[in-house]
Every structure is written in C-alpha cells, then in structure tokens.
Amino acid sequence: MKKWFLALLTTLMALMLSVASAENVPLASETEINPVLEAQTLVGLKIPVEAFKETTKGGEVISAEITTSETDAEVQYVNVFGYIYPVDESAPNIEWRMLLPMKWNGRSVQLGGGANNGSIPKLTGTGSVGGEIAIDKGYVVYGDDSGHQAESSMDASFASNDEALSNYTRLHLIKAYDAMCYVTNAFYGQEPVFKFFAGGREALECATTYGKYYDGIFCCEPASNYVLIRMWGAILSQAVYESYDAEKYPYSDGFIDEDTVKAIQADAVALYDGLDGIEDGIVSNIYAARANRDNFLKQITEKYGLTKAQLKTIDVYENGYTLDYAMANGMNAYHGYSALEGGAMDLGPDPVPREPLDTTYNVHHGDRADGVFKYFITKDPNWVLIDHDYYHPDQELYDMLMAASEEYDANSPEFDDFIANNGKLIYFAGWNDMSMSPWQLIQQYRGYVEKYGQEKVDSFCKFYVMPGVTHTKGIAMNYLSWLDVWCSTGEYPTETLYATMSATGGQMPMAEFPGWVKYEGGDPMDGASYSISTEIPDGFWGVYD
C-alpha cells in the first residue's frame, strides 16, 4: 500500500509540475529568488560529463565576479565565464558566459550569435530588436561562441574540424543550455522555471531539434534556408561579376554603383511612402508596392539607363531564383527581397571582385557564401565561388549540396516536441531586411500551416512582419515580456502590442502576418493612431510573393 501511495503521489506531483510549467506561474516581475551559494564558490566548479545531453569532456567555471549593471545601479549579478571541453583534443573549447542576477526571476534567456559566430554575444544589452535589458529584469542571461574563437564572424575556416563544425551547426546550443542548468542549479538550488531563447537560425534549431527543452523562443529573421541563402550569395555574385576578367575584360557589367542604388531606393520610398496613409519615410503597404514592381522597374530602367546585366542583378535581388532541383528540405527557390519597394541593395562600393570575396568591397553575402562553400560544403579552400554552375551542378556538386542541406538547414516544420512541451514561438521578419528574405520566411511559415493547420499554428506561434526593419535593426519590442505572459498564464497578451520604430521614434502596433500597418489619423507617434490592415491586391499570392 505504501509503495502504491508513493507512486501515486509521485505521479500527482509530476502532473502538478507539468501544469505549473505551462500556465498559472507567477510572472517574471512577481518572482524573486535569491542565491544559495556565494559567488566566489562557483570558480572551479566542474560540470560533469553526465550533465550534458551531447558528448563532451565536461565543463568548468573559470571565473565569477559580482558586477553592477551599467544601466541599472540597483541590479547586481555574477558574471560567470567558463569552458565546455571537446572530445577531439584538436577541436577548440566552447567558451560561454552567464549572468546570474542576485535577485532572480526564475527564468533564463539564451542569446544566439550571428553569421559564423566565433565570439560570445553581448549579454548586457537589449539584444536584436529587444526593448528590454534581460539582466536588469532579473533573467539569467547566457550565450556562447558556437564552439570556436575568431576575430571575424565571417571566418569559416574552423569548419575544417568536424567537432567544431558540428558544434556550430547546432550542438553548442544544447551544450550551453546544459551548462546553464547545472550552474543555476548549483547557485540558486533550482533550474529555471522557464527557459527562453532569442536568436535567428539557432532559435529554430532550438524549437525543432531541441523543442522538448525550451519553453519560449523568439526567432528573428533566421538564416534557416541555409544552403539556399548561401547559394543566393553565389548567384548574386555571379550576376554582378561574371563578366570580369582581370586581363581580358576588367569590368563587372552587373555592378551598380552606390549612388544609383541609393537613388533607386529613394525613388521607391517617394513613390510608395504614402500608400499606408502617412508619409513618414516607412513603406508599410508592401503588398501594393510590390504589385507595382514591373511599372517601377520600367521607370528606373529608363531613368538610370540600366543595362541588361544590371537588370539581371536587380532580378536576383528582387525575385531570387528557382532551381530545377530541390534541396533536401523540398525547397527549390529563394524568394528574394524588397529591393524595389524601398529596400537597400548592398552591392558594395567596388566593381572588382576579391578572392576571396570581401563584403567591405563586394556584394553582401558574397563572402559568407564564399566561406561556407569553401569550408562547409565542398571542403575545398581553393573553391572559387563565381566559377560554378549552381543551376545545373555536376553530380559531385549536387551530392555536396544535398548533404549540406540535410545537415545545415533549419527550416523543417518539426515542432512536435516543442508543442508537446507547450512551447511558444514568436517568429519575426522585417520587410526591409536585405539579409534574410521576408518572402522566404513567409514561405517557411506557410509550411508550418500546411503541416499543422492554422488553428494549431496559432496556438504556439505568432508571426509578425514589420515595416522599416532591416536585419535585426529598426525596431524595439518587449518580446521577453510577451513570451513570459504566454508561458506563465497560458494566454498570449490580449492587449494591442506596440513596438518602437527607430525611423520615427514613435510606436506602431505589431502586424501579425499577413497584416500591414495602416495610419488612421491622430498623433503619428502614438501607436493607437494605426490599425492593422489585411487589404491585399487581388491575385497577389503566387504572382508577386
């Protein structure tokens, strides 16, 4: 009888904890947990091999010191630095940093890195498009360098080591997570009630590959179609530089100088700015603008005397490309950007292609594509990016592309574990992001809806696309608070949510896809002066997206 009773009690307690983790937990602002250890006792703390879900040789806290926040003098935290040791002795350590507040709200937020990483992200600021400083709000904040150290986030040479590459691809995320759980348990006597993540491609890895471990995720403009975006960098580079021959023809016919690029952008903004009801320098009615792209293209072609080669460059930027074959994820197209709707094409200042390509002088994404093809995909450091046919690859290149898509893409709609864990996802894109295509992210979101249905997707994912936002810049929002309410109460905030726009300093309501922000009248700095419109030109989808 005792054994039966104990088993029943254990089951009931587990059930209660499961329910508590999903809803009716005090909000972060209502929670304060104090440490059970002195800060200096963390130094030298060993994190055993058994604490990690993936293979390591354990970890260790190297330093820990009490620090006062630069933005709130009343906030103190322990700045902790440590290593996670690799199995391969020739592989680099994973270096991580963790901020442990002396007054903890019971939550953690893991911050992702950018490009090829190589350094620990800044943990004391608001992070990408954030409106709140997490450490000042009482969150445990942590991040890592993705498993290698580099002066430039463009450096891809680390990928010659298999363990370093595997860490970068996704393993560093859960290894840092496990280190955080172990250290917080030691310092506070418990792990976080809710574990959040904020980042790009890595955020989707957490939601799909490691969905059972994360409660709330903010995913901002992810490079999730990893191989397609790197191929876009290659195809754009070819469009710009394919005519160039240092000895026979030292000209890049597809290059468009910076002054002309800026003039095209200014023309688009002038033409489309007022379509949302107000002229404020922000093109918000992106659908009406895009539906006019053929007319606008004709206008600028005549105005600036654009050549056939330059039009090809614009076509790759605006429309992307379509392949006769598909990646391992089933996708065969990259949908391009809002290059003719007010976005700023980044073709660099110099028509001369470097080897390797250098984004300081050459087209945006050219150097990222160059490094990924050299070290991730082909394993050939002599690979010349613009010398190969990506539309019609030979068998060897095709096989390498398929293998890379299988390994590096993060756009699989596999949220079953995340949903079962009651996970919540805020998925975000900016119409003016010229690094990660908003149209591609829309296509990816449609894949979620196709698999799970709109009602199910709405229960775990909120998808916003906002105007005037470039890659991780142009907007500030309180996504951590929104996630916390959603996870703590089980209900997404019911009030209208506002973001602050960098271009004006004023507020706008968050536009849930497929809506766009429309000015209705009143103070343009007041978010209440706007509504969310779903007016879209007839026949838009499938033609202009």
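These are my notes on a small sheet, a helix pair and one covered helix in a predicted model.

**Entry 1: the sheet.** I looked up the strand order first. Three strands, S13-S14-S15 in that order, make an open sheet. The pairing is antiparallel. S13 (475-476) and S15 (507-509) are the edge strands, and each has a single partner strand, so one side of each has no neighbour in the sheet. I then checked how S13 is held to S14. Strand S14 covers residues 498-501, and 2 bridges join S13 to S14. The two run antiparallel. I also noted one facing pair: Ala476 stands opposite Thr500 in S14.

**Entry 2: H4 against H8.** Next I took the helix pair. H4 spans residues 226-241 and H8 spans residues 308-319. Their packing angle is about 165°, and the axes lie 8 Å apart. Angles over 145 degrees count as roughly antiparallel, and H4 and H8 are therefore roughly antiparallel to each other. The crossing of H4 past H8 is left-handed. I listed the contact residues. H4 brings Trp232, Ile235, Leu236, Ala239 and Val240. H8 brings Ala309, Lys312, Thr313, Val316 and Tyr317. I sorted this contact by class and got 8 nonpolar, 1 polar and 1 charged residues.

**Entry 3: H3.** How many residues of H3 are buried? I found 8 of its 8 residues buried, with the helix running over residues 201-208. H3 is mostly covered. The buried residues in H3 are Arg201, Glu202, Ala203, Leu204, Glu205, Cys206, Ala207 and Thr208.

How values were computed. Residues are numbered from 1 along each chain as its sequence is written. This is a predicted model: local features need pLDDT of at least 70, side-chain atom pairs count only at pLDDT 80 or more; totals for chains, interfaces and linings use all residues. Side-chain values use heavy atoms; hydrogens and water are left out. Two strands pair if DSSP finds at least two bridges between them. Helices (H or I, at least four residues) and strands (E, at least two) are DSSP runs, numbered from the N terminus. Axes are lines fitted to C-alpha atoms, for helices over the stretch in contact, and angles run from 0 to 180 degrees between N-to-C directions. Angles under 35 degrees count as roughly parallel, over 145 as roughly antiparallel, 65 to 115 as roughly perpendicular and the rest as oblique. A crossing is left-handed if the near helix is turned anticlockwise from the far one by less than a right angle, and right-handed if clockwise. Contact means heavy atoms within 4.5 Å. Ala, Val, Leu, Ile, Met, Phe, Trp, Tyr, Cys and Pro count as nonpolar, Asp, Glu, Lys and Arg as charged, and the others, Gly among them, as polar. Buried means under 20% relative accessible area, exposed over 50%, partly exposed in between (1.4 Å probe, protein chains only).
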